[in-house]
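Student: I am new to this structure. Please pick out one part and take me through it closely, strand by strand if that is how it is built.

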Amino acid sequence: MKSKKPGKQRKKIMNAPMHKRQKMMSALLEKDLRNDLNRRSLPLRSGDKVKVMRGDFKDAEDKVRNVDLDSLKVTLEDLKEEKVDGTEVRPKIDPSNLMIVEPDLSDKRREKIVERSGGEVAEELKKKEDEEPEEEPEEEPEEEEKEEGFKCEICGDVFDSKRGLGVHKGRVHPEYMKS
């Protein structure tokens with residue numbers, strides 16, 4: 001969108017789909033990290049260690065607890081403020097007021113994001129594979145789903161969607177579709 005009108009800019013942000021909102025939730029990287037990762041910013045994720053740059057909590061360092069894509073705000077783990085009635089709440093902070101001090105690069109997808117831009121992920125930033133046994137079991141059910149997918153009665157090929165099976169039958173077995 002090329003409009004300069006503030007109302008149109010706000011409308012664009014509020015009507016943005018989730019995959020674009022994730023990119024909007026980016027924060028600057030610390031200067032040392034910029035050189036190492038060859039990037040200026042990264043989208044925030046829970047587990048990143050950040051430093052608050054502006055506002056009442058300036059210079060506070062904490063880990064990201066929650067990234068809320070609906071309100072486009074971030075909640076930190078230990079940062080709390082007291083309301084007038086005495087209850088403590090976690091304030092929601094705009095990602096533009098944060099700087100990533102230590103990114104959580106245990107996720108392989110996030111490593112690929114950095115490698116695409118020409119940066120290298122240091123071994124110290126990666127978490128040990130022993131801490132993440134969850135990734136391996138997730139891969140196995142995906143293979144089972146493919147085997148249990150939609151099977152062509154004629155040739156036995158397996159497809160992950162009913163639409164894929166229909167396209168296959170139309171292209172490979174047109175005589176089947178006529179009957």
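Tutor: What follows is a close look at the open sheet, with a little on the rest of the chain.

This is a predicted model, in which local features need pLDDT of at least 70 and side-chain atom pairs count only at pLDDT 80 or more, while totals for chains, interfaces and linings use all residues. Residues are numbered from 1 along each chain as its sequence is written, and side-chain values use heavy atoms, with hydrogens and water left out.

The protein chain has seven helices and 11 strands; helices (H or I, at least four residues) and strands (E, at least two) are DSSP runs, numbered from the N terminus. Of its 179 residues, 26% count as buried. Buried means under 20% relative accessible area, exposed over 50%, and partly exposed in between (1.4 Å probe, protein chains only).

Now the sheet. Seven strands form an open sheet with mixed pairing, in the order β2-β1-β9-β3-β4-β5-β8. The edge strands, each pairing on one side only, are β2 and β8 (92–93). Two strands pair if DSSP finds at least two bridges between them.

Take β3 (49–52) as the starting point. In the order of the sheet, β3 stands between β9 and β4. Strand β9 (residues 98–102) is joined to β3 by four bridges, and the two run antiparallel. Across this pairing, Val-52 stands opposite Leu-98 of β9. With β4, strand β3 pairs in the antiparallel sense over three bridges, and there Lys-51 has Glu-61 as its bridge partner.

The side chains of β3 alternate: Val-50 and Val-52 are buried and point to one face, while Lys-49 and Lys-51 point to the other and are not buried.

The loop between β3 and β4 (61–68) holds Asp-59. Phi of Asp-59 is near 75 degrees, a positive value in a residue other than glycine. Most residues other than glycine have a negative phi. Beyond this loop, β4 is joined to β5 (residues 73–76) by four bridges, and these strands also run antiparallel. One bridge pair here is Val-64 with Leu-76 of β5.

At one edge of the sheet is β2. The loop that lies between α3 (31–37) and β2 includes Asn-38. Asn-38 has a positive phi, near 60 degrees, and is not a glycine. Asn-38 counts as partly exposed because its relative accessibility is 46%.

Strand β2 (residues 41–43) includes Pro-43. Pro-43 counts as buried because its relative accessibility is 17%. Leaving out residues up to four places away in sequence, Pro-43 touches Gln-22, Met-25, Ser-26, Asp-48 and Arg-110, where contact means heavy atoms within 4.5 Å. Pro-43 and Ile-100 are 57 residues apart along the chain, and their C-alpha atoms are separated by 9.5 Å.

For the chain as a whole, 40% of the contacts with a separation of 6 or more are between residues 24 or more positions apart. About 13400 Å² of the protein chain is exposed, and carbon and sulfur atoms supply 45% of that area; accessible areas come from the Shrake-Rupley method with a 1.4 Å probe, and for residues only the protein chains shown count as cover.
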